[in-house]
Amino acid sequence: MHTSESSRGSEGKGVGLGLALVSALAFGGSGVAAKPLIEAGLDPLHVVWLRVAGAALVMLPLAVRHRALLRSRPALLAGFGLLGVAGVQAFYFASISRIPVGVALLVEYLAPALVLGWVRFVQRRPVTRAAAFGVVLAVGGLACVVEVWSGLSFDALGLLLALGAACCQVGYFVLSDQGSDSGEAPGPLGVIAYGLLVGTAVLTVVARPWTMDFSVLAQRADMNGTPVAAGLLLGWIVLIATVLAYVTGVVSVRRLSPAIAGVVACLEAVVATVLAWVLLGEHLSAPQIVGGAVVLLGAFIAQSSTPAKGSAEPVATGGAESRLSARENAA
């Protein structure tokens with residue numbers, strides 16, 4: 001019986017890791033599609049609004065199907081929308097208006113370390129040394145990927161805004177895992193659907209989409225010398241970089257843990273950098289290549305430190321059998 005539970009736990013962990021990688025790939029592909037749209041004349045905040053509002057429209061039928069969540073988990077839906085959707089986007093774009101993108105990315109991806117601190121000191125669960133070491137490696141490698149030294153400038157407000165994005169990302173990982181330990185986790189698709197609707201409402205106030213030049217979406221944008229239909233780029237951002245990214249991301253958190261999924265999410269910056277190299281002609285330097293390898297190593301060490309479900313070892317995750325029950329409820 002124990003062997004059967006262990007094998008099922010290992011299989012669930014493998015699926016969770018695969019979903020986390022898909023999520024990182026999907027999120028990482030947003031930048032290379034968004035940049036040509038911004039260069040074609042759209043404001044960055046307008047691109048963010050189109051991304052979230054479009055995804056909310058796609059997920060609207062699922063929101064109707066899971067409308068019972070409005071009565072049973074209103075705080076969770078509001079928190080996920082405010083933090084996991086609108087907060088991360090708004091704080092990040094506000095921060096890059098004051099500090100270099102590389103610095104903002106590095107501060108935002110301190111989130112895995114903050115999640116580990118949440119697990120250890122707020123939830124009072126032990127974490128493995130390997131998980132902590134993996135976080136340190138991933139953050140260090142990320143500093144090389146974004147070449148933080150090339151544009152480092154101290155702007156207190158900009159850094160606070162980037163830290164706000166990191167805290168919102170912590171909220172995304174923690175809220176994605178809500179209810180898993182008790183086996184009463186709400187359906188992930190319903191949480192994401194309502195989170196996107198809440199995020200759209202908040203971002204509408206911030207981005208003021210009525211001032212947008214919608215004619216840009218009927219034109220072609222330039223991607224490293226290749227004209228691409230703006231509508232096609234927007235479709236990629238909405239369907240792949242948002243809907244697919246959020247769905248696989250939330251499900252992966254429930255199968256792994258907020259701490260481990262957060263470390264794997266660091267790969268998003270690596271994916272974004274590599275895609276920018278391939279599609280936008282933004283070449284990688286030697287430190288960036290080395291940094292990407294270090295991020296991969298850190299993510300591997302952190303996720304491999306999680307014992308199989310049912311183990312009594314110290315972990316950076318939630319319960320064992322309860323997570324298996326949560327997966328069955330969400331299916």
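The largest pocket in this structure holds about 1300 Å³ of space. Lining this pocket are 50 residues, and those closest to its centre are S30, G31, Y92, L105 and A272. The model is a predicted one. Rolling a probe the size of a water molecule over the atoms shows where empty space is left.

Which helix gives the most to the lining of the largest pocket? Helix α2, which covers residues 30-39, does so with 7 residues. Sorted by class, the lining of the pocket is made up of 31 nonpolar, 13 polar and 6 charged residues.

The next feature is on the surface. L110, L114, L157, L160 and L163 together make a nonpolar patch of about 400 Å². Helix α9, residues 156-176, supplies the largest share of this patch, with 3 residues. One residue of the patch can be followed further: L163 is a member of the patch and lies in helix α9. Is L163 buried, partly exposed or exposed? L163 counts as partly exposed because its relative accessibility is 34%, and the partly exposed class runs between the limits of 20% and 50%.

The last stop is a single residue in a loop. R208 lies in the stretch between helix α10 (188-207) and strand β1 (220-223). The backbone of R208 has a positive phi of about 50 degrees, although R208 is not a glycine. With a relative accessible area of 46%, R208 is also partly exposed.

How values were computed:
Residues numbered from 1 in each chain as written. Predicted model: local features only at pLDDT ≥ 70, side-chain atom pairs only at ≥ 80, totals over all residues. Heavy atoms only, no water. 1 Å grid on protein atoms, 1.4 Å probe; cavity = no way out; pocket = protein on both sides within 12 Å on 5 of 7 lines; lining within 4 Å. Points joined across faces, edges and corners; volume = space filled by probe spheres on them. Helix = DSSP H or I, 4+ residues; strand = E, 2+ residues; numbered from the N terminus. Nonpolar A, V, L, I, M, F, W, Y, C, P; charged D, E, K, R; others polar. Patch = residues over 30% accessible without salt bridge, like charges linked within 9 Å, V, L, I, M, F, W, Y side chains within 5 Å. Areas by Shrake-Rupley, 256 points an atom, 1.4 Å probe, with all protein chains shown as cover. Salt bridge = Lys/Arg side-chain N within 4 Å of Asp/Glu carboxyl O. Buried < 20%, exposed > 50% of the residue type's maximum accessible area, 1.4 Å probe, protein only.
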